[in-house]
Amino acid sequence: MQLPSLFHPFRRTQSNSLADLASLLPDMTFGQLGRGYEKTLAMQLDVSEEANAYHVTVDVPGVKKEDIDIAVDGNQVSISAEVHREKSEGSDKKDLYTERFFGKAFRSFLLPQEVDSSNAQAHYDGGVLRLTLPKKAGGSSAKIKIA
């Protein structure tokens with residue numbers, strides 16, 4: 001007598017994702033198009049709250065401090081970052097394969113309460129951006145400089 005098999009919710013029984021389809025058709029343009037979406041700067045963030053402020057920690061690896069822009073409008077926080085590609089001038093080297101991202105990335109999110117943008121602070125060190133955003137009953141729109 002054979003025991004019934006257990007249901008395993010994480011086992012893949014069928015595969016119909018775009019990545020699997022692209023791997024079946026590697027020489028076609030569609031496959032290359034599907035792989036292009038993998039190259040994005042993923043600004044992952046954590047948001048915590050205290051009684052009088054929000055604290056936001058954002059991973060922004062490979063970006064210079066000068067290439068990060070932060071804007072606050074009421075309870076909406078927007079962060080944009082640009083990664084520049086380093087190219088050596090006059091070099092005979094040709095890229096055969098590259099996975100590193102370059103270009104502009106954008107992340108925006110809403111907080112439960114408006115932010116006092118005039119007292120907001122931003123610090124960037126080692127690829128990690130830290131924001132301290134004091135709460136305010138009536139917010140205003142402003143850009144924040146990174147210290």
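How do the residues of the lining of the largest pocket divide into nonpolar, polar and charged? Here are my notes, with the answer in point 2.

1. A word on confidence to begin with. This is a predicted model, and the protein chain has an average pLDDT of 77, with 66% of the residues scoring at least 70. Residues 27-38 need some care: pLDDT stays under 50 there, and the model gives this stretch nine contacts beyond four places in sequence. Where pLDDT is low, the predicted coordinates should not be read in detail.

2. Now to the pocket. The largest pocket has a volume of about 280 Å³. It is lined by 13 residues, and Gly62, Val83, His84, Arg85 and Glu86 are the closest to its centre. As for the opening question, the lining holds four nonpolar, three polar and six charged residues.

3. You may also like to look at the sheet. It is open and built from four strands, in the order S1-S2-S7-S6, with antiparallel pairing. Strand S1 (45-49) and strand S6 (121-125) are at the edges and each has a single partner strand, so one side of each lacks a neighbour in the sheet. On average, neighbouring strands of this sheet are turned by 15 degrees against each other, direction ignored.

4. Within that sheet, the S1 and S2 pair is easy to trace. A hairpin of three residues joins S1 to S2. S1 pairs with strand S2 (residues 53-59) in the antiparallel sense, over five bridges. Two positions help to fix the register: Val47 stands opposite Val56 in S2, and Glu49 has Tyr54 in S2 as its bridge partner.

Conventions: Residues numbered from 1 in each chain as written. Predicted model: local features only at pLDDT ≥ 70, side-chain atom pairs only at ≥ 80, totals over all residues. Heavy atoms only, no water. 1 Å grid on protein atoms, 1.4 Å probe; cavity = no way out; pocket = protein on both sides within 12 Å on 5 of 7 lines; lining within 4 Å. Points joined across faces, edges and corners; volume = space filled by probe spheres on them. Nonpolar A, V, L, I, M, F, W, Y, C, P; charged D, E, K, R; others polar. pLDDT = per-residue confidence, 0-100. Contact = heavy atoms within 4.5 Å. Pairing = 2+ DSSP bridges. Axes fitted to C-alpha atoms, helices over the stretch in contact; angles between N-to-C directions.
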